[in-house]
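The following exchange concerns a predicted model. Each answer sets a computed value against the criterion behind the term.

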Amino acid sequence: MSLTTQVFGVPQPGWYRVYYIVNNIQELVTALTQDHPVVLMFWADWNEPSEVMVQPYRDMAEAKKNEAVFCRLDFDKFKDVVEKFRVKALPTFVLIKEGEEQHRVVGTKVEELNTTIKNNI
């Protein structure tokens, strides 16, 4: 069972997830108040590079499912959160550990993100 599944539960029998698409602020609070590191991915449907990044991100979430909770946030839906984390470009990945930002990766830099997570978790 992945940390994401532990944090958010399983919506239906047989369904397994390794990352969570945050739908509301309460879900984000739930993720950020856990004891586990959290990787936030800020994205938008209209941003082509963000969509290109989805599969490698899912693969990484699968590989690190017992190390961190992976969450996707829609740039347009969470303007206050975008402002709080000073997101200026998409995609942006923010690693949160013990309630504090540890590192961020801007752009579709899969290897840099993988190294960042490996070195900070």
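**Cores and sheet**

The largest nonpolar core comprises 23 residues, and L40, F42, C71, L73 and F85 have the most contacts inside it. Two or more residues of this core come from each of α1 (3-8), α2, β2, β3, α4 (79-84) and β4.

Q: What makes L40, F42, C71, L73 and F85 part of a nonpolar core?
A: A core requires buried residues of nonpolar types joined through side-chain atoms within 4.5 Å, and buried means under 20% relative accessible area. These five belong to the 23-residue set, and therefore they satisfy those conditions. In soluble globular proteins, nonpolar side chains tend to be buried together.

Q: With which residues is L73 in contact, leaving aside its neighbours within four places in sequence?
A: L73 touches V22, L28, L40, M41, F42, W43, F78 and V81. Another core, of 16 residues, lies apart from the largest one and includes Y19, V39, L95 and V105.

Q: How do you know that β4 and β5 are paired?
A: Pairing needs at least two bridges. Six bridges join β4 (residues 92-97) to β5, so the criterion is met, and the two strands run antiparallel. One of the bridge partnerships links L95 with H103 in β5.

Q: Why are β1 and β5 called edge strands?
A: The open sheet has the order β1-β3-β2-β4-β5, with mixed pairing. β1 (19-21) and β5 (100-106) each have a single partner strand, so one side of each is left without a neighbour in the sheet. The twist averages 20° from one strand to the next.

Conventions
Residues numbered from 1 in each chain as written. Predicted model: local features only at pLDDT ≥ 70, side-chain atom pairs only at ≥ 80, totals over all residues. Heavy atoms only, no water. Helix = DSSP H or I, 4+ residues; strand = E, 2+ residues; numbered from the N terminus. Axes fitted to C-alpha atoms, helices over the stretch in contact; angles between N-to-C directions. Buried < 20%, exposed > 50% of the residue type's maximum accessible area, 1.4 Å probe, protein only. Contact = heavy atoms within 4.5 Å.
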